Amino acid sequence: MAKPIPSPLYEKIPQKNTLHRASDVTIFFLLLSLLAYRLFSLKNNGFIWLLAFLCESWFTFLWVLNLSSKWNPVSYKTYPERLLQSSSSGHVCDNCRSHAGTPIITVNTVLSLLAVDYPANKLSCYVSDDGASPLTFFALLEASKFAKLWVPFCKKYGIQPRAPFRYFSRELLPSHGNSMEFLQEYRKIKEEYEELRRRIEDATLKSISNELSAAEFVAFSNIKRGSHPTIIKVILENKESRSDGLPHLVYVSREKHPKHPHHYKAGAMNVLTRVSGAMTNAPFMLNVDCDMYANNPQIFHHSMCLLLGSKNEQDCGFVQTPQSFYDGLKDDPFGNQFGVLYKYLASGIAGLQGPHYSGTGCFHRRKVIYGLWPDGRMEFKGRTGISKYERLEKTFGNSKEFTKTAARILSGLSGISDCPYDLSNRVEAAHQIASCSYEYGTNWGTKIGWLYGTTTEDILTGMRIHARGWKSTDCRPDPPAFLGCAPSGGPAALIQQKRWATGLLEVLFSKNSPFIITFTAKLQFRQCLAYMWILSWGLRPIPELCYLALPAYCIMAGSHFLPKVQDPAVLIPISLFVSYNFHTLLEYWGAGYSIRALTAWLFGFLSVILKLLGLSETVFEVTKKDQSTTPGEGSDKDSVRFPIRGTTFLCFHKSSLFTCGSIEIPKIPLNRTTGRRCPPVPPQPIVRP
């Protein structure tokens, strides 16, 4: 009797977008028509028309990138229930987090990860604290005690969401029959969380200097900012390997020294990768920023469906979930929630080689992060005459324990060879690979791990993975996988956008430019265009500012840069204006937003120009995010509201384009002696003889 064919764990579903395709193509042909008209009219016009032609050529190029990226949208439907029925559900995930926030934010994110619906003996959570803060470690110790109550409560009653500050900030809805048992546990857990929050807030406002004498805090006694030793603490350990227990929880603070570059977030993620490899060595890793809590407790099952369900591993090198936010400003006036981008553009890129790596909410294959190619090739460091083990040491570092675990991953195995193992006994080996000098002479940051050289290490790392021939998949479960906190204030949003623009241009003007690696590696051409679309963000302000300045200049100079009203060609810019704005408003309204009103891409462009000229170095600027952790609490500090919609300003300015293109203003002659404009000569009365 033939064995039944196993049901697929996911489906790839093409999306219909006939209306959007028609709109995109219409705008594209209108842009080409405008360029053709400009080209044939350059002889009869001056520099203004040439500048307009150059700007419109740039706009057309961007539209080609946009058109190619959105042309083939797809979505993925996963079947977690089938994963539970198969033998593939036993794979392990490591939660690797990068820390950049306050302790209470980190605590809520960690608690939500510890409480996901996945066997606890197959999870490990590593928390990176680059500041080596005893306050963060104290908060995690307190959270580990609360987790013993919170995690069983969540799994018993199917609580959602599983970040306590979000769950307790809502009104208690009628669920679970509101039985006496549930209500009693609810009140008890809520009181425990309020006590946890109070203790952390008291420690934040006062000091925990009294705790530094305890054995757990001895390592924090002589900490200096930017200079401290490696600190690795096992806070929770599932020694009995119980599936219904609590996952491992490990605190990691890498060594820092002023004379050694630490490479910001990329360096922290590489240390987490090595430490988790030396201690648990799971084949899959998840990295989440500290302000992005797990909103969907089934997200691990959804992602495993994509990672384990693909017939060819090459089709899924990593799984990226969209960045979603809670309590964001209405209409997203600063454009940092990316609702439109994820709804339309990201779906199209998912139909190419796969979505970009966005730095958080991403599940990785460990062997892909280690630099393995889909065909099993590996770029080792060192001459070919030495043994494979020696080449592994030169590639991954001189730690024998870590090199052994890396060799197991590259050969298709996972875990530690001497299982079952004691997690605490592997801390010493982890200390060595977290030192600030460990990476010297290795491939870390250049060919393996998170790559260095830019403040947008996520885009660069994901692009190099695609360049090796791997594909990625998009995971959008309902409810959203992770929810985070977007900057609510104008200055914070501008700092974030400036950092993005600077990092993206650093990649564009480097040897890792997508056009270069398309010809030297396996990055597909249309995927290259998709990367060019995002990497060119920082270049866009220059042609946009020039084009916006043309109406004012034409009014002052008494010229025009658009066809006159009596010219039939005026229908081209009018049609383009109507089509483009209708298309843009349709997309924003479809995503529930209005037009964005504020950006800082120009500052990012200037920052990169100064770096290329050798006048300054780029600095990783941390974005300030105000997150409410108590009901009804919020912060409006530095926030800016726009009572007038951006479309009002847009339509007002666009109307001036056609005004200056259709009205001729006579030139006023200059007085050659004074350099001032001559006053108009009043009409003289006619005196008849």
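Reader: How many salt bridges does a search of the whole structure find?
Author: Happy to start there, and please keep in mind that this is a predicted model. A salt bridge needs a side-chain nitrogen of Lys or Arg within 4 Å of a carboxyl oxygen of Asp or Glu. Searching the whole structure on that basis gives 24.

Reader: Which residue forms a salt bridge with Glu56, and which helix is that partner in?
Author: The closest N and O atoms of the pair are 2.8 Å apart, and both residues are buried. Glu56 lies in helix 2 (residues 47-70) and its partner in helix 1 (residues 18-41), so the bridge ties together parts that are 18 residues apart in sequence. The partner is Arg38, in helix 1.

Reader: Is Glu142, the salt-bridge partner of Arg199, buried or exposed?
Author: Good one to check! Arg199 in helix 7 (residues 180-205) and Glu142 in helix 5 (residues 134-157) link distant parts of the chain, 57 residues apart. Arg199 is partly exposed, at 26% relative accessible area. Buried means under 20%, and Glu142 has 9% relative accessibility, so Glu142 is buried.

Reader: What is the N to O distance in the salt bridge of Glu195 and Arg198?
Author: Both residues lie in helix 7, three residues apart, about one turn of the helix. They also belong to a network of salt bridges with Glu142, Lys145, Arg199 and Asp202. Their own N to O distance is 2.3 Å.

Reader: Which residues form a nonpolar patch on the surface with Phe582?
Author: Phe582 lies in helix 20 (residues 571-590) and is exposed, with a relative accessible area of 55%. The patch has about 320 Å² of accessible area together, and Phe582 shares it with Leu19 and Leu586.

Conventions:
Residues are numbered from 1 along each chain as its sequence is written. This is a predicted model: local features need pLDDT of at least 70, side-chain atom pairs count only at pLDDT 80 or more; totals for chains, interfaces and linings use all residues. Side-chain values use heavy atoms; hydrogens and water are left out. Patches are made of residues with over 30% relative accessible area and no salt bridge: like charges are joined within 9 Å, nonpolar side chains (Val, Leu, Ile, Met, Phe, Trp, Tyr) within 5 Å. Accessible areas come from the Shrake-Rupley method with a 1.4 Å probe; for residues, only the protein chains shown count as cover. Helices (H or I, at least four residues) and strands (E, at least two) are DSSP runs, numbered from the N terminus. Buried means under 20% relative accessible area, exposed over 50%, partly exposed in between (1.4 Å probe, protein chains only).
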